[in-house]
Amino acid sequence: MEFDESDEEVFRLAALLHDIGHPPFSHISEEMGLFKKGMNHEKMSAEIIKRTEIGEIISEKLGDRGVDRVTFVITGEGIPHSELDNLFHELLAGQAGIDRMDYLLRDSHFLGVMYGRYDIERLLETLRFERESEHPLFWEEGGIHALEQFFLARYFMFTEVYFHKTRRILDYHLAMLIKDYLKDRYGTGEDEEVVLPSDVEEYLKLNDFDVMSWMLRTDNEHKDVFLKRKFFRLTIESSDHPNEDELVL
(Lines give C-alpha, C1' and ligand atoms only; values in the text may rest on other atoms or scores of the structure.)
Protein backbone atom coordinates (compact mmCIF):
# COMPACT_ATOMS: atom_id res chain seq x y z
CA MET A 1 0.00 0.00 0.00
CA GLU A 2 1.45 3.35 -1.05
CA PHE A 3 1.81 5.94 1.67
CA ASP A 4 2.95 9.51 1.00
CA GLU A 5 3.47 12.69 2.98
CA SER A 6 -0.10 13.91 2.46
CA ASP A 7 -1.46 10.67 3.94
CA GLU A 8 0.70 11.20 7.00
CA GLU A 9 -0.58 14.76 7.30
CA VAL A 10 -4.20 13.57 7.12
CA PHE A 11 -3.65 11.16 9.99
CA ARG A 12 -1.71 13.66 12.09
CA LEU A 13 -4.41 16.29 11.63
CA ALA A 14 -7.19 13.85 12.52
CA ALA A 15 -5.32 12.78 15.67
CA LEU A 16 -4.70 16.41 16.61
CA LEU A 17 -8.24 17.67 15.93
CA HIS A 18 -10.52 14.74 16.80
CA ASP A 19 -11.45 16.10 20.26
CA ILE A 20 -11.87 19.81 19.49
CA GLY A 21 -15.64 19.26 19.53
CA HIS A 22 -15.78 18.48 23.24
CA PRO A 23 -18.24 20.72 25.13
CA PRO A 24 -17.58 22.20 28.57
CA PHE A 25 -16.42 19.54 31.01
CA SER A 26 -15.73 17.09 28.22
CA HIS A 27 -17.75 13.85 28.22
CA ILE A 28 -20.23 14.88 30.93
CA SER A 29 -22.45 16.88 28.57
CA GLU A 30 -22.44 14.00 26.09
CA GLU A 31 -23.20 11.29 28.66
CA MET A 32 -26.01 13.34 30.16
CA GLY A 33 -27.73 13.91 26.80
CA LEU A 34 -26.99 17.61 26.28
CA PHE A 35 -26.21 17.24 22.58
CA LYS A 36 -29.04 17.34 20.08
CA LYS A 37 -30.15 13.90 18.93
CA GLY A 38 -27.66 12.40 16.50
CA MET A 39 -24.81 14.70 17.53
CA ASN A 40 -21.69 13.83 19.52
CA HIS A 41 -18.31 15.42 20.10
CA GLU A 42 -16.67 13.67 17.13
CA LYS A 43 -19.36 14.97 14.76
CA MET A 44 -19.04 18.41 16.32
CA SER A 45 -15.27 18.22 15.76
CA ALA A 46 -15.99 17.59 12.07
CA GLU A 47 -18.44 20.53 11.93
CA ILE A 48 -15.88 22.86 13.54
CA ILE A 49 -13.26 21.81 11.00
CA LYS A 50 -15.62 22.33 8.06
CA ARG A 51 -17.07 25.66 9.19
CA THR A 52 -14.00 27.50 10.49
CA GLU A 53 -10.63 28.61 9.14
CA ILE A 54 -9.27 25.20 10.14
CA GLY A 55 -10.98 23.69 7.09
CA GLU A 56 -9.67 26.45 4.85
CA ILE A 57 -6.10 25.80 5.98
CA ILE A 58 -6.47 22.03 5.47
CA SER A 59 -7.87 22.56 1.96
CA GLU A 60 -5.04 24.92 1.13
CA LYS A 61 -2.44 22.38 2.21
CA LEU A 62 -4.08 19.08 1.19
CA GLY A 63 -6.44 20.02 -1.62
CA ASP A 64 -10.20 19.69 -2.03
CA ARG A 65 -10.41 16.21 -0.46
CA GLY A 66 -8.33 17.09 2.59
CA VAL A 67 -11.21 18.14 4.85
CA ASP A 68 -13.35 15.15 3.87
CA ARG A 69 -10.48 12.76 4.56
CA VAL A 70 -9.66 14.27 7.97
CA THR A 71 -13.30 14.30 9.09
CA PHE A 72 -13.82 10.73 7.88
CA VAL A 73 -10.84 9.53 9.92
CA ILE A 74 -12.33 11.27 12.97
CA THR A 75 -15.95 10.13 12.64
CA GLY A 76 -15.85 7.06 10.40
CA GLU A 77 -18.80 8.58 8.53
CA GLY A 78 -18.96 9.58 4.90
CA ILE A 79 -17.03 8.16 1.97
CA PRO A 80 -13.35 7.29 2.38
CA HIS A 81 -11.25 8.80 -0.40
CA SER A 82 -8.42 6.37 0.11
CA GLU A 83 -8.02 2.81 1.32
CA LEU A 84 -5.85 4.29 4.03
CA ASP A 85 -8.73 6.32 5.48
CA ASN A 86 -10.47 3.24 6.92
CA LEU A 87 -7.15 2.07 8.33
CA PHE A 88 -6.50 5.50 9.87
CA HIS A 89 -9.95 5.57 11.49
CA GLU A 90 -9.36 2.17 13.08
CA LEU A 91 -5.91 3.23 14.28
CA LEU A 92 -7.32 6.40 15.83
CA ALA A 93 -10.69 5.32 17.23
CA GLY A 94 -10.68 1.52 17.29
CA GLN A 95 -10.99 -0.69 20.38
CA ALA A 96 -7.21 -0.50 20.80
CA GLY A 97 -6.77 2.83 19.01
CA ILE A 98 -4.23 5.48 19.85
CA ASP A 99 -6.89 7.74 21.39
CA ARG A 100 -7.49 5.16 24.12
CA MET A 101 -3.79 4.44 24.43
CA ASP A 102 -3.21 8.14 25.05
CA TYR A 103 -5.93 8.92 27.58
CA LEU A 104 -5.26 5.86 29.74
CA LEU A 105 -1.62 6.79 30.30
CA ARG A 106 -2.37 10.51 30.61
CA ASP A 107 -5.21 10.04 33.10
CA SER A 108 -3.14 7.60 35.16
CA HIS A 109 -0.25 10.06 35.31
CA PHE A 110 -2.25 13.13 36.30
CA LEU A 111 -4.47 11.24 38.76
CA GLY A 112 -1.50 9.54 40.38
CA VAL A 113 -2.86 6.02 39.96
CA MET A 114 -1.38 2.86 38.44
CA TYR A 115 -4.55 1.30 37.01
CA GLY A 116 -4.22 2.66 33.47
CA ARG A 117 -0.59 1.80 32.82
CA TYR A 118 0.54 -0.75 30.25
CA ASP A 119 3.52 -1.51 28.00
CA ILE A 120 2.86 0.92 25.15
CA GLU A 121 6.26 0.31 23.54
CA ARG A 122 5.59 -3.42 23.20
CA LEU A 123 2.03 -2.78 22.05
CA LEU A 124 3.21 -0.56 19.19
CA GLU A 125 6.18 -2.76 18.29
CA THR A 126 3.96 -5.80 17.73
CA LEU A 127 1.16 -4.08 15.81
CA ARG A 128 0.96 -5.47 12.28
CA PHE A 129 -0.90 -4.80 9.02
CA GLU A 130 -1.80 -7.30 6.28
CA ARG A 131 -3.74 -5.83 3.41
CA GLU A 132 -5.38 -9.07 2.27
CA SER A 133 -6.34 -10.29 5.74
CA GLU A 134 -9.94 -10.37 6.99
CA HIS A 135 -8.67 -8.23 9.90
CA PRO A 136 -5.88 -6.09 8.36
CA LEU A 137 -4.76 -4.64 11.71
CA PHE A 138 -3.63 -7.19 14.27
CA TRP A 139 -1.02 -7.95 16.90
CA GLU A 140 1.57 -10.64 16.44
CA GLU A 141 1.74 -13.41 19.03
CA GLY A 142 4.53 -11.69 20.97
CA GLY A 143 2.26 -8.73 21.64
CA ILE A 144 -0.80 -10.58 22.93
CA HIS A 145 0.12 -10.10 26.59
CA ALA A 146 0.74 -6.39 26.03
CA LEU A 147 -2.68 -6.14 24.35
CA GLU A 148 -4.32 -7.99 27.24
CA GLN A 149 -2.56 -5.66 29.66
CA PHE A 150 -3.98 -2.69 27.74
CA PHE A 151 -7.55 -4.01 27.88
CA LEU A 152 -7.24 -4.79 31.59
CA ALA A 153 -5.80 -1.31 32.22
CA ARG A 154 -8.85 0.22 30.57
CA TYR A 155 -11.18 -2.05 32.52
CA PHE A 156 -9.60 -1.10 35.86
CA MET A 157 -9.62 2.61 35.02
CA PHE A 158 -13.37 2.38 34.48
CA THR A 159 -14.11 0.36 37.61
CA GLU A 160 -11.76 2.27 39.92
CA VAL A 161 -11.71 5.81 38.48
CA TYR A 162 -14.25 6.68 35.78
CA PHE A 163 -17.10 4.87 37.57
CA HIS A 164 -16.00 5.84 41.09
CA LYS A 165 -19.06 6.82 43.11
CA THR A 166 -17.94 10.39 43.83
CA ARG A 167 -16.96 10.96 40.23
CA ARG A 168 -20.35 9.75 38.99
CA ILE A 169 -22.23 11.83 41.55
CA LEU A 170 -20.32 14.98 40.62
CA ASP A 171 -20.86 14.22 36.93
CA TYR A 172 -24.60 14.43 37.60
CA HIS A 173 -24.25 17.71 39.50
CA LEU A 174 -22.07 19.19 36.73
CA ALA A 175 -24.65 18.21 34.13
CA MET A 176 -27.37 19.97 36.14
CA LEU A 177 -25.12 23.03 36.44
CA ILE A 178 -24.51 23.09 32.69
CA LYS A 179 -28.25 22.73 32.02
CA ASP A 180 -29.10 25.71 34.23
CA TYR A 181 -26.28 27.71 32.65
CA LEU A 182 -27.64 26.98 29.16
CA LYS A 183 -31.19 27.87 30.26
CA ASP A 184 -29.99 31.22 31.55
CA ARG A 185 -27.75 31.95 28.57
CA TYR A 186 -30.29 31.12 25.87
CA GLY A 187 -33.56 31.81 27.69
CA THR A 188 -34.77 28.24 27.35
CA GLY A 189 -38.38 27.81 28.43
CA GLU A 190 -39.47 25.34 31.09
CA ASP A 191 -41.01 22.97 28.54
CA GLU A 192 -38.18 23.27 26.01
CA GLU A 193 -35.40 20.73 25.65
CA VAL A 194 -32.09 21.98 27.06
CA VAL A 195 -29.31 21.18 24.61
CA LEU A 196 -25.98 22.58 23.52
CA PRO A 197 -26.13 24.97 20.54
CA SER A 198 -25.65 23.40 17.12
CA ASP A 199 -24.35 26.62 15.59
CA VAL A 200 -20.56 26.28 15.51
CA GLU A 201 -19.80 29.94 16.22
CA GLU A 202 -22.06 29.94 19.28
CA TYR A 203 -20.83 26.51 20.40
CA LEU A 204 -17.22 27.69 20.40
CA LYS A 205 -18.07 30.45 22.89
CA LEU A 206 -18.77 27.83 25.58
CA ASN A 207 -16.02 26.75 27.96
CA ASP A 208 -15.44 25.43 31.49
CA PHE A 209 -14.43 28.84 32.86
CA ASP A 210 -17.60 30.57 31.63
CA VAL A 211 -19.81 27.91 33.23
CA MET A 212 -18.03 28.12 36.59
CA SER A 213 -17.98 31.94 36.47
CA TRP A 214 -21.75 31.93 35.92
CA MET A 215 -22.17 29.66 38.92
CA LEU A 216 -20.11 31.98 41.16
CA ARG A 217 -21.74 35.25 40.11
CA THR A 218 -25.40 34.18 40.08
CA ASP A 219 -27.84 33.00 42.71
CA ASN A 220 -28.15 29.26 42.16
CA GLU A 221 -28.31 25.95 44.00
CA HIS A 222 -25.02 24.64 42.66
CA LYS A 223 -22.55 26.72 44.69
CA ASP A 224 -22.88 24.69 47.87
CA VAL A 225 -22.54 21.44 45.94
CA PHE A 226 -19.07 22.31 44.70
CA LEU A 227 -17.78 24.86 47.21
CA LYS A 228 -19.09 23.21 50.38
CA ARG A 229 -19.14 19.61 49.11
CA LYS A 230 -22.88 19.27 49.65
CA PHE A 231 -23.33 16.74 46.89
CA PHE A 232 -25.40 13.57 46.84
CA ARG A 233 -24.12 10.66 48.91
CA LEU A 234 -24.10 7.00 48.05
CA THR A 235 -27.18 5.12 49.30
CA ILE A 236 -26.97 1.87 47.35
CA GLU A 237 -24.23 0.34 45.24
CA SER A 238 -24.23 -2.65 42.92
CA SER A 239 -21.29 -4.96 42.31
CA ASP A 240 -18.99 -4.31 39.36
CA HIS A 241 -21.02 -6.79 37.29
CA PRO A 242 -24.57 -6.47 38.64
CA ASN A 243 -27.24 -9.09 38.20
CA GLU A 244 -30.88 -8.25 37.43
CA ASP A 245 -31.82 -8.02 41.13
CA GLU A 246 -29.19 -5.33 41.70
CA LEU A 247 -30.29 -3.04 38.88
CA VAL A 248 -32.47 -0.08 39.87
CA LEU A 249 -34.34 1.39 36.91
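**Figure 1. Overall fold of the chain, with 13 helices and two strands.** The model shown here and in the views below is predicted. The C-alpha atoms fill a box of roughly 60 × 45 × 35 Å along the principal axes. The chain has 249 residues, and 36% of them count as buried. Among contacts with a separation of 6 or more, 61% are between residues 24 or more positions apart.

**Figure 2. Packing of helix α4 against helix α5.** Two packed helices are described by the angle between their axes and the distance between the axes. Helix α4 covers residues 53-62 and helix α5 covers residues 66-75. Their axes lie 8 Å apart, at an angle of about 115°. On the α4 side, the residues that meet α5 are Gly55, Ile58, Ser59 and Leu62. On the α5 side, they are Gly66, Val67 and Val70. Sorted by class, this contact contains four nonpolar and three polar residues, and no charged ones.

**Figure 3. The largest nonpolar core, with 20 residues.** In soluble globular proteins, nonpolar side chains tend to be buried together. Leu182 and Leu196 have the most contacts inside this core. At least two core residues come from each of the helices α3 (41-51), α10 (165-186), α11 (200-203) and α12 (208-217). Helix α10 gives the most, with six residues. A second core, separate from this one, has 15 residues, including Tyr103, Tyr118, Leu123 and Ala153.

**Figure 4. Surroundings of Leu182, a buried residue of α10.** Neighbours within four places in sequence are left aside in this view. The remaining contacts of Leu182 are with Gly187, Thr188, Val194, Val195, Leu196 and Leu206. Leu196 shares with Leu182 the place of most contacts inside the largest nonpolar core.

**Figure 5. Helix α10 and its buried residues.** Helix α10 has 22 residues. From its first C-alpha to its last, α10 reaches 32 Å, close to the 32 Å expected at 1.5 Å a residue. The buried residues are Ile169, Asp171, His173, Leu174, Ala175, Leu177, Ile178, Tyr181 and Leu182. An α-helix has 3.6 residues a turn, so residues three or four places apart point the same way. The buried residues of α10 pack against α2 (27-31), α12 and α13 (223-227). After the helix comes Gly187, with a positive phi near 65°.

**Figure 6. Polar contacts of Ser108 in helix α7.** Helix α7 spans residues 98-111. Ser108 has a relative accessible area of 0%, so it counts as buried. Its side chain reaches two backbone atoms: the oxygen of Leu104 at 2.9 Å, and the nitrogen of Gly116 at 3.0 Å. Apart from neighbours within four places in sequence, Ser108 is in contact with Val113, Tyr115, Gly116, Arg117 and Met157.

**Figure 7. Ser26, a residue with positive phi in the loop between α1 and α2.** Most residues other than glycine have a negative phi, and most peptide bonds are trans. Ser26 is not a glycine, yet its phi is positive, at about 55°. The helix before this loop, α1, covers residues 5-17. Ser26 is partly exposed because its relative accessible area of 29% falls between the limits of 20% for buried and 50% for exposed.

**Figure 8. Arg229, a residue with positive phi in the segment after α13.** The phi of Arg229 is near 55°, a positive value in a residue other than glycine. Arg229 has a relative accessibility of 53% and therefore counts as exposed, the limit being over 50%.

**Figure 9. His241 and its contact with Tyr155.** His241 lies in the segment after α13. With a relative accessible area of 58%, His241 is exposed. The side chains of His241 and Tyr155 are joined by a polar contact of 2.8 Å. Besides Tyr155, His241 is in contact with Glu246, leaving aside neighbours within four places in sequence. His241 and Thr159 are 82 residues apart along the chain, and their C-alpha atoms are separated by 9.9 Å.

Technical notes. Residues are numbered from 1 along each chain as its sequence is written. This is a predicted model: local features need pLDDT of at least 70, side-chain atom pairs count only at pLDDT 80 or more; totals for chains, interfaces and linings use all residues. Side-chain values use heavy atoms; hydrogens and water are left out. Axes are lines fitted to C-alpha atoms, for helices over the stretch in contact, and angles run from 0 to 180 degrees between N-to-C directions. Helices (H or I, at least four residues) and strands (E, at least two) are DSSP runs, numbered from the N terminus. Contact means heavy atoms within 4.5 Å. Ala, Val, Leu, Ile, Met, Phe, Trp, Tyr, Cys and Pro count as nonpolar, Asp, Glu, Lys and Arg as charged, and the others, Gly among them, as polar. A nonpolar core is a set of buried Ala, Val, Leu, Ile, Met, Phe, Trp, Tyr and Cys residues joined through side-chain atoms within 4.5 Å. Buried means under 20% relative accessible area, exposed over 50%, partly exposed in between (1.4 Å probe, protein chains only). The expected span of a helix is 1.5 Å times one less than its number of residues. A polar contact is a pair of N or O atoms within 3.5 Å; within protein, one must be able to donate a hydrogen and the other to accept it, and residues adjacent in sequence count only if both atoms are side-chain atoms.
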